[in-house]
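I opened a new notebook page for this structure. These are my entries, in the order I looked things up.

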Amino acid sequence: MSVIKTDGILLRRMHFRNTSYIVDVFTENAGRVSLLAKGARREKSGFFGQLTYCTLMETVFIDRKGGMGILTECTVKEYFPGIHENVNRIVCGLCFIRIL
């Protein structure tokens, strides 16, 4: 197990159990990784409101060989409000994410 700190863009977010998400992040150093964000759906979580599509994030996660990694920290570095203001831009962004 190793701790990796890198920038990334959220590609996909799925509900997992009652309080967690499984997220796919396209990272600068590790490529596309699937991570478990434990407790991310709780209002008091450090992830609450941070895991949004098409945002540049600084992520810290534990890479587990042969298994899903665990997201430990996530900070939004750059939010792109222009994408979220226009429906056509949202569709374009999500299509681009789908390609990755």
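**Charges and surface**

I began with the charges. The model is a predicted one. The protein has 14 positive and 9 negative charges, and their mean positions lie 10 Å apart. Next I looked up the surface. About 6,500 Å² of the protein is exposed. Carbon and sulfur atoms supply 53% of that area. I also noted the buried share: 34% of the 100 residues count as buried.

**Overall fold**

I went on to the secondary structure. I found 2 helices and 5 strands. Along the sequence the pattern reads β-β-β-β-β-α-α. The radius of gyration is 13 Å, close to the 13 Å that the globule rule gives for 100 residues, so the protein is as compact as a globular protein of that length. I then looked up the box that holds the C-alpha atoms. Along the principal axes the box is roughly 40 × 30 × 20 Å.

How much of the contact list joins residues at least 24 apart? I took contacts between residues at least 6 apart in sequence, and 46% of them join residues at least 24 apart.

**Strand S4: Phe61 and Thr59**

I picked Phe61 next. Phe61 sits in strand S4, which covers residues 55-63. Is Phe61 buried or exposed? Its relative accessible area is 1%, under the 20% cut-off, so Phe61 counts as buried. I listed its contacts beyond four places in sequence. Among them are Ser2, Val3, Ile4 and Thr6. Thr27, Ala30, Val33 and Leu35 are also in contact with Phe61. So are Ile70, Leu71 and Thr72. I checked one distance as well. Phe61 and Ala40 are 21 residues apart along the chain, and their C-alpha atoms are separated by 14 Å.

Thr59 is in strand S4 too. Thr59 is buried, with a relative accessible area of 1%. Beyond four places in sequence, Thr59 is in contact with Ile4, Lys5, Thr6, Thr27, Leu71 and Glu73. I marked Ile4, Thr6, Thr27 and Leu71, which appear in the contact lists of both Phe61 and Thr59.

**Strand S1 and the loop after it**

I moved to Asp7, which is found in strand S1. Its relative accessible area is 19%. The cut-off for buried is under 20%, so Asp7 counts as buried. Which residues does Asp7 contact beyond four places in sequence? I wrote down Phe26, Thr27, Glu28, Leu56, Met57, Glu58 and Lys77. Phe48 gave me another distance. Asp7 and Phe48 are 41 residues apart in sequence and 18 Å apart in space, C-alpha to C-alpha.

Then I looked at Arg17. Arg17 lies in the loop between strand S1 (2-16) and strand S2 (20-27). Arg17 is not a glycine, yet its phi is positive, at about 55°. With a relative accessible area of 69%, Arg17 is exposed.

**Cysteines**

I ended with sulfur. How many disulfides does the structure hold? I found 0 disulfides. Cys92 is in no disulfide, and the nearest cysteine sulfur, that of Cys95, is 6.5 Å away. A disulfide needs sulfur atoms within 2.5 Å, so 6.5 Å does not qualify. Cys92 counts as exposed at 56% relative accessibility. Cys74, at 9% relative accessibility, counts as buried.

Terms used
Residues numbered from 1 in each chain as written. Predicted model: local features only at pLDDT ≥ 70, side-chain atom pairs only at ≥ 80, totals over all residues. Heavy atoms only, no water. Helix = DSSP H or I, 4+ residues; strand = E, 2+ residues; numbered from the N terminus. Rg over C-alpha atoms; globule rule 2.2 N^0.38 Å. Buried < 20%, exposed > 50% of the residue type's maximum accessible area, 1.4 Å probe, protein only. Contact = heavy atoms within 4.5 Å. Areas by Shrake-Rupley, 256 points an atom, 1.4 Å probe, with all protein chains shown as cover. Lys, Arg positive; Asp, Glu negative; His and termini not counted. Charge placed at Lys NZ, Arg CZ, Asp CG, Glu CD.
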